[in-house]
Amino acid sequence: MPGMVVFGRRWGIASDDLVLPGAFELFIRVLWWIATVVLYATHKGKFDCHGGAVLHSYIVVLLILLAVIILTLCAVVYVSAQGTIMNPGPRRSMPVLVYLRAVLYIPEFVWACLGAVWVSDSSGGCEPAEIGLVIGAVVASWIILLSMILGLLIVFDPLGSLRRPTLIGEASGLRDLQSSESSQLFYTARSLAVRVWESRLRLLCCCLPQDDNHRAAFSSISQLVSGFFSDTDLVPSDIAAGLALLHQEQDKMEHCRDPDDVIPHSPSSPIREDLEVELEKAAHFMQFAVAAYGWPLYVYSNPLTGLCKLSGDCCHNRNTESDLVGGDNFGCNFSSILHVTGLQYRDFIHISFHNQIYEIPFFVALDHKREAVLVAVRGTLSLKVSSDYIIVLMFRRTELHTSCKKKNIEMGTKYPKGISQAANYIYKKLVNDGILSQAFSIAPEYRLVITGHSLGAGTASLLAALLHSTYPTLKCYAFSPPGGLMSKALAEYSKQFVISVVLGKDLVPRLSIPNMEDLKRRILKMVSNCNKPKYKILLHGCWYEVFGGTPDDFPTEMENRREEALNQPLLGEESLLVPGSTSYHSISSDDSPTHPTHLPLFLPGRIIYITEEGPSRRHCFSQVRYRAEWSNETAFHSVLISPRMVADHMPDVVHRALCSLTSDRPFSLCPSSHSNSHLNVI
């Protein structure tokens, strides 16, 4: 639903978004009116204090004003609840009601000021209940007025004045604007949106250094965020409703899927014994990926004892550790690494907590239990890395210079810029500074193992590709790596030495430009098909996300609910797209996802997919059981909407799942792992 146009500009709120806030204000106003009526009825004829006549008039006018506001709010709520997202016709009178409600703020403001003056100058001798009523009315009025101002700031659309010509053109039946004029308008709006989002990011991350690297990162993030939904005529509540509908639709498709559906695997696919071995190794090396996060994650995982265990070491003299590396909070970080890994000080070759954009912390140690020279790369932890992280996932790309060309890996492929630069940074430190040479001079018989989680997993995977020709026996364990990381050829090549581990409905391994474009198409599809009012969608969606239950069977045009149907073009979607935009031309030209506009990139290596057994909803303290299976990259070509999509990415949750699998292995492996001829795919 396009944003509502009032006061000469478009706002980030639609005409069907006023049901819930209007109902809440209506509830407050009714209680306020009842309390005022009760006090007036009990004190009628008794306003004989100094200023009593003024108080009597004040209460009478307040009751009339509240009654008018209540009637207006009833009309706003009723009209806003009519129609559907794609059928705003029954709400055509909403702008008039908004203007009326805005006008009523003026007498309310004046009456609040008069009430404050009466309390300070003329309330002497009056009963405390009478004074309390006026004070309560004044305070309530100011709270509502301030809330209204805050709400206006939230729904203010800086591009509202630029989008109005497009909306006027459509309302006049002039959908087919000249292509140059439409494209120029869209380009102007896009440029302004980038500047607006860049200013917001600078304000949000005001504590970060404002150097050239961070300015470039902010600019890239702004282009990403502003461009994703800038070619759609949706407001945030439309997107929330689409996500709620899509989550329930995905759950219905998952429940309807035949559990016996299997696909044949290639003869080289691993079988159960290989899965057991790799799970044992993954559980072991995950503790190093967790340790790389340093003291913040250690304290988070051990809230009762973490600070006590680290308190003495944080103030430890660092002079004895100058042969390693410094960085912020070296003592605390190094102490937490020792606690998590169980290694000794002498086992560490190099530790770096240097943390700048494209330069992330890592450490190198000797793992005598697995006879490995271990390189652990830290994942996303601070805002400095987070700014790089978004670029890493989906936006700017650069070439990865490896020695894989002789192995028929195409070198013209563009890889995520942030991760590529981070991998090259660590590669130069390991090779040029002689860190690996020093490690293998101590333990020449050991093999090289690289590990990391999240951003660290993506960096570790590309770092492994850089080092594989020099260390052909190396292994890489990438936990929850970002999606859209490797080309098809490099992903196939990396299966020789990379094991990726993905838990449940983790969002990050499913993030890529094609997946996000597919998500946008699905949201448009769900919103344009649903026949229910938005407030019902949001209310049921919130209930479903918090308490679970049965997905609501909202009437749609996709009753068969086949997943392929979500990928077909729909004429109704054009009304939600800005003419002249890329998505508009894609829909109107029947450009399906089978003709991608972005180069598809894939997760690295072989993929171990871990899922929870039993019902998707469980009690907070119920025991969780997991199962693991080999999967492939096609299982992660769609974003899954779930409350667990962020929690399943947390390193402590992944570590706990791996430990559960290895401690309870006979009952945790997927039954399909017993078969050499089939591989179950979730």
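1. In this predicted model, the charged end of lysine 488 sits over the ring of phenylalanine 602, at 5.2 Å from the ring centre. A second such contact involves arginine 101, whose charged end lies over the ring of tyrosine 105, 4.0 Å from its centre.

2. On contacts between rings, the count comes to 13 aromatic pairs. One of them joins tryptophan 11 and phenylalanine 156, with 5.8 Å from centre to centre and 75° between the planes. That angle makes the pair edge-to-face, because planes over 60 degrees apart are put in that class.

3. Tryptophan 11 belongs to the loop between strand S2 (9-10) and helix H1 (19-42), and phenylalanine 156 to the loop between helix H4 (128-155) and helix H5 (160-171), so the pair ties together parts that are 145 residues apart in sequence. Tryptophan 11 is buried, at 13% relative accessible area, whereas phenylalanine 156 is partly exposed, at 36%.

4. Phenylalanine 109 and tryptophan 142 also form an edge-to-face pair, with centres 5.4 Å apart and an angle of 85° between the planes. Phenylalanine 109 is in helix H3 (residues 94-121) and tryptophan 142 in helix H4; the pair links distant parts of the chain, 33 residues apart. Both rings belong to partly exposed residues: the relative accessible area is 39% for phenylalanine 109 and 33% for tryptophan 142.

5. Elsewhere in the sequence, one aromatic cluster is formed by Phe334, Tyr345, Phe348 and Phe363.

Note on methods. Residues numbered from 1 in each chain as written. Predicted model: local features only at pLDDT ≥ 70, side-chain atom pairs only at ≥ 80, totals over all residues. Heavy atoms only, no water. Phe/Tyr/Trp six-rings, centres within 6.5 Å; stacked < 30°, edge-to-face > 60°. Helix = DSSP H or I, 4+ residues; strand = E, 2+ residues; numbered from the N terminus. Buried < 20%, exposed > 50% of the residue type's maximum accessible area, 1.4 Å probe, protein only. Lys NZ or Arg CZ within 6 Å of the ring centre and 35° of its normal.
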